[in-house]
Amino acid sequence: MRIPSFEITNARSIQLAKCEAVPKLMVIAGPNGAGKSTLLNALRAVAGREHVLYVGPHRAIRRQTVQQRYLISTPFHFDEIIALEALPGYDGIRVLGGGRDPWDADDSPNYLKHSLCQVEIDRQQAISERYDKEGQIKPNSLPDPWTPLRHLTNNLLPHLAFYKIDNSNRDNIRALWKVHSKDTIVDLDDLSSGEKSIIQMFYPLVERQIRDLLAQVRGEKQAGEAPDSCVLIDEPELHLHPNLQVKVFDYLRLLTSSSATQAILATHSPTIVEHASFEELFLLRPIELVVSGENQLVQIASDDERLKALQDVFGTTSNLTAMQPIVVVEGIFQTAKAATISDRKLYRAMNPGFDKVTLLPGGGKSECIKLLDSLNQVLPAFSSRLKAVALLDRDIAGAPAHADVYALPVSMIENFLLDPLPLWESLQSVLEKTPFKTIDDIASYLDKLMDELQATEIERRTKASLGMLYFRPESPVENIPTQAEEFSKSILTRYSPEAVAKANELASRIVDELRARGERRESFHGKDAIDLFYREALQKTPLSKTVFKFEAARHARKRKSVTKFFNSFFKEVGLPGMAESEPEAVAVAVAVE
């Protein structure tokens, strides 16, 4: 039966989860421990288990030797098996346990091969009955009961084709598929985990069609319209490539829209979450992030426009459904073509607190502030215990004034790596291929690099001091030429030879002071410095830049100054697990140049 609505209370980690109008295809996302599996399991009882099929999260098909004598003695249907709370014992089927809940291994997939082979026994018996009844069977007069399975395989696993059930050996009946590319015949037991998972999940949804075709073979009437049914699938993405996850989801969408079948999925898959429409997508929030008595299950968006807006703020819907603190990194997402390690990995290597947050790129500093404000507007709709803060590079100008903005104690995250000890420890695997024999060698090398970067640093600070000007034409349009003329004058004034010389002189003086105080490693452009170190000293070693930076960050994590700063930061903002008291979870926006 379909589940039109439900209300689950006091079930393990679920205090209250209800939905007054359950869609035909429902996707339930949320972090680990929120209770998604508990919710699916509880829905079996709410629905009374009549025509409710359950596919649990712990499923694996063991090899089965199917013997004909067992098929004849105890026939069954697979869709009936996965509707049961506990598995019955059948001779000839090897199982280790009978329970069917999210916390046990589910042996129901081991009944699949027997069910498939039973269809062939039924098909042959149906042909015999038809012949005995009519005395003849005209060519092409009988339907093929395997057509639904062939269509299923063709839609979701087009590289395979169902071939036949081979019962030439009655003590080892096989369910065979043909691999198109190699024209190889493969038994069900020898298919990949993903291929078997697809067949196991969807065969129950076409099994009734197969039974109807068998009735036609016998010359009987079909059973009539299929009753309303609901299939509960926990983690449909298991063993599936992201592209195949999309195909599975589209197939479910087609199936539920054109039949009496309803599907409710619990998933961790970003692919499925991003592919779901606003009508389908729901968030199950952890009990610690909702107010007592509040519904933990909420529809993420009320329309496509709202869903798109949330995706723009969070980067992806999955970042929202993670329900973790959020770190917004100044920059863009790392791509497959990126030559250097992302700041995301550096932060996580630098302190364990970053393992408890979701990291997002936010652009430049001003963009990070805008994102920070947007997050603080959106997050309360999902949890009153979530807020956002920003952690910006100290850089040259320092962090902007904002109540929820914090600053690194160094120019940028890479400056934490510019220390002889973590660099020394990160190079041990290739040390013989480097110019370094001792830690002191690295310290001297860093001083030389700072000398090389001094002119570049002066230029950087000069340009930062001069700033940038932007021209934006204003109405009325006939005044734009005048506006442009005035803007041109301001440009000439801002960047006059005298102004540039003055800014350059000031920058030179600041850089000289940094050198005198021994603060160049902390205050120079950290990305340029660490890249130059790698290019000049490590380019010809087997150590990649990505691995080098990660190793340097991992060892920099042990520095007392690094540990002290980050632990103090997490304690100050109240991130759970770091502070002495945990009044609220905090979304953290991190800006990195």
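## Overall picture

Among contacts in the protein between residues at least 6 apart in sequence, 70% link residues at least 24 apart, where contact means heavy atoms within 4.5 Å. What you are looking at is a predicted model: local features need pLDDT of at least 70, side-chain atom pairs count only at pLDDT 80 or more, and totals for chains, interfaces and linings use all residues. Residues are numbered from 1 along each chain as its sequence is written, and side-chain values use heavy atoms, with hydrogens and water left out.

The secondary structure amounts to 20 helices and 16 strands; helices (H or I, at least four residues) and strands (E, at least two) are DSSP runs, numbered from the N terminus. The C-alpha atoms fill a box of roughly 110 × 65 × 55 Å along the principal axes. The protein has a radius of gyration of 32 Å, while a compact globule of 593 residues would have one near 25 Å; the radius is taken over C-alpha atoms, and the globule rule is 2.2 Å times the number of residues to the power 0.38.

## Surface and burial

Half-and-half is a handy way to remember the burial: 50% of the 593 residues count as buried. Buried here means under 20% relative accessible area, exposed over 50%, and partly exposed in between (1.4 Å probe, protein chains only). The protein exposes about 27,800 Å², and carbon and sulfur atoms supply 51% of that area. These areas come from the Shrake-Rupley method with a 1.4 Å probe; for residues, only the protein chains shown count as cover.

## A covered strand, β3

Strand β3 (residues 25-29) has 5 of its 5 residues buried. Leu25, Val27 and Ala29 lie on one side and Met26 and Ile28 on the other, so both faces are covered.

This strand pairs in the parallel sense with β9 (residues 261-266) over 4 bridges, and Ile28 stands opposite Ala266 there. With β10 (residues 281-284), β3 also pairs in the parallel sense, over 3 bridges; Ala29 has Leu283 as its bridge partner. Two strands pair if DSSP finds at least two bridges between them.

## The β5-β6-β7 sheet

Further along the chain, 3 strands form an open antiparallel sheet in the order β5-β6-β7. Its edge strands, β5 (160-166) and β7 (184-187), each pair on one side only. Neighbouring strands are turned by 30° against each other on average, direction ignored. Strand β6 (residues 174-179) is joined to β7 by 4 bridges, with Val179 opposite Thr184.

Two helices lie across this sheet. Helix α4 (residues 112-134) lies across β5, β6 and β7 and runs at about 95° to β6. Helix α5 (residues 147-156) lies across β5 and β6, at about 145° to β5. Axes are lines fitted to C-alpha atoms, for helices over the stretch in contact, and angles run from 0 to 180 degrees between N-to-C directions.

## Gln64 in its loop

Gln64 sits in the loop between β4 (52-55) and α2 (68-73). This residue is buried, with a relative accessible area of 4%. Leaving aside neighbours within four places in sequence, Gln64 is in contact with Gly92, Ile93, Arg94, Asn110, Lys113, His114 and Asp189.

## Confidence

The mean pLDDT is 89, and 93% of residues reach 70 or more; pLDDT is the predictor's confidence in each residue, from 0 to 100. Over residues 334-341 it stays under 50, and the model has 14 contacts for them beyond four places in sequence. Residues 576-583 are also below 50, with 17 contacts in the model beyond near neighbours in sequence. Where pLDDT is low, the predicted coordinates should not be read in detail.
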